[in-house]
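User: I have a model open and want to go through its fold step by step. Please keep the answers short.

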Amino acid sequence: MTIRPLLFCSIAQFFALIFATPVLAAPRAADPAAGQRFIEQCKGKETFDDPAPPVRVFGNVWYVGTCNVTVLLLTSPKGHVLIDSATREAAPQILANIKAAGFDPKDVRWIISSHEHFDHVGGLAFLKEATGAEVVVRDAAEAIFRSGTVSPADPQVQEIHGFDPVTPDRLMKAGQTLHAGPLRLTMLATPGHTEGSTSWTWQSCTGADCQKFTYLDSISALQLGSYRFRDHPERVAMFNATFGMIDKMDCGIVLTPHPAVSAVAQRMAGIEPLFKKEDCRVIVKSARARLDAALLP
Ligand SMILES: [Zn+2]
């Protein structure tokens, strides 16, 4: 009988067993002082292009973006992955930040993206050229990357501009994993904000402390010009499916394409915990409220 040993377990033995189980410490920001410098430099800065210093987030994960647009560098001895490219105007700063962090931009071998809007992929063509990296794109967004034009079905199409077109080197489908040297990044489809909206998950370690990361793409319902979500039930259904999926995810440490959405600066500076179990659900809750408000007559 398998439970029998427990019957002979004394109270003292029981507690010894409980306390012998290692309690995992909460992950800590790698460089709170650099996070503080980021906050100082970005105070009151509201544009996409305000320069920010690079900050090591955790392990091999570096923030190399601007004050208001995230770009991540995931490093490895076999080449690095860049996640997002910011605007065309900010792209030279991204290169400078990679160098300031101590890495060679020529060692960036893969560039992946969140979604096909100028603030996240405007610098992609420039950075592809500057690094020689392979551009990996989700199949659903291929046509938009190739044309650089905003999708006619995009809720923001009437008021935002396109970006320099890029020829993808590789297409992936949602659920597939990118093998980038020793790095493994799994692609998730999180459409709504754009049709090609893409989130990524991976694991990063500091010594034996390994943490799951989710780069959760924008899921905000933004309708510009005369576009109204209530005229587009297919877009509302797309958002709701994405919300439902993220609600069920175990996201680990969450980072977002606009750092303010997930308090990235405060977390890099150690002011807020790097990991909060409810992060993904909190972001979904506010995105749902925003969509509901947009649907009101
Ligand atoms: Zn966007």
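Analyst: Happy to. Note that this is a predicted model. We can begin with one residue and its contacts.

User: Which residues does Ile83 touch, not counting residues up to four places away in sequence?

Analyst: Leave out residues up to four places away in sequence. A contact here needs C-beta atoms within 7 Å. What remains for Ile83 is Val71, Leu72, Leu74, Ile112, Trp200 and Tyr215.

User: Which residues touch the most other members of the largest nonpolar core?

Analyst: That core has 72 residues. Ile83 is among those that touch the most other members. The full group is Leu72, Val81, Leu82, Ile83, Ile111 and Met268.

User: Which strand gives the largest share of this core?

Analyst: The share is five residues. They come from residues 183-189, which is strand β9.

User: How many of the 297 residues in the protein chain are buried, as a percentage?

Analyst: Buried means 20 or more other C-beta atoms within 10 Å of a residue's own. Across the protein chain, such residues make up 42%.

User: Why is helix α6 described as largely enclosed?

Analyst: Helix α6 covers residues 124-131. Its buried residues are Leu124, Ala125, Phe126, Leu127, Lys128 and Thr131. The cover includes β4, α4, β5, α5 and β6. The helix is largely enclosed by the rest of the structure because the buried count is six of the eight residues.

User: Which residue just after α6 takes a positive phi?

Analyst: The phi is about 75°. The residue is Gly132.

User: What are the edge strands of the seven-stranded open sheet?

Analyst: The order is β1-β2-β3-β4-β5-β6-β7, with mixed pairing. Neighbouring strands are turned by 25° against each other on average, direction ignored. An edge strand pairs on one side only. That applies to β1 (55-58) and β7 (170-172).

User: In β7, what is the bridge partner of Val137?

Analyst: Strand β6 spans residues 134-138. Three bridges join β6 to β7, and the two run parallel. In β7, the partner of Val137 is Leu171.

User: What radius of gyration does the protein chain have, and why does it agree with a compact globule?

Analyst: The chain holds ten helices and twelve strands. Its C-alpha trace spans about 70 × 50 × 40 Å along the principal axes. With 297 residues, a compact globule would have a radius of gyration near 19 Å, so the chain's value agrees: 21 Å.

User: Among contacts between residues at least 6 apart in sequence, what percentage join residues at least 24 apart?

Analyst: Start from the contacts in the protein chain between residues at least 6 apart. Those joining residues at least 24 apart come to 64%.

Terms used
Residues are numbered from 1 along each chain as its sequence is written. This is a predicted model: local features need pLDDT of at least 70, side-chain atom pairs count only at pLDDT 80 or more; totals for chains, interfaces and linings use all residues. A nonpolar core is a set of buried Ala, Val, Leu, Ile, Met, Phe, Trp, Tyr and Cys residues joined through C-beta atoms within 7 Å. A residue is buried if 20 or more other C-beta atoms lie within 10 Å of its own, exposed if 12 or fewer, and partly exposed in between; C-beta atoms are placed from the backbone. Helices (H or I, at least four residues) and strands (E, at least two) are DSSP runs, numbered from the N terminus. Two residues are in contact if their C-beta atoms, placed from the backbone, lie within 7 Å. Two strands pair if DSSP finds at least two bridges between them. Axes are lines fitted to C-alpha atoms, for helices over the stretch in contact, and angles run from 0 to 180 degrees between N-to-C directions. The radius of gyration is taken over C-alpha atoms; the globule rule is 2.2 Å times the number of residues to the power 0.38.
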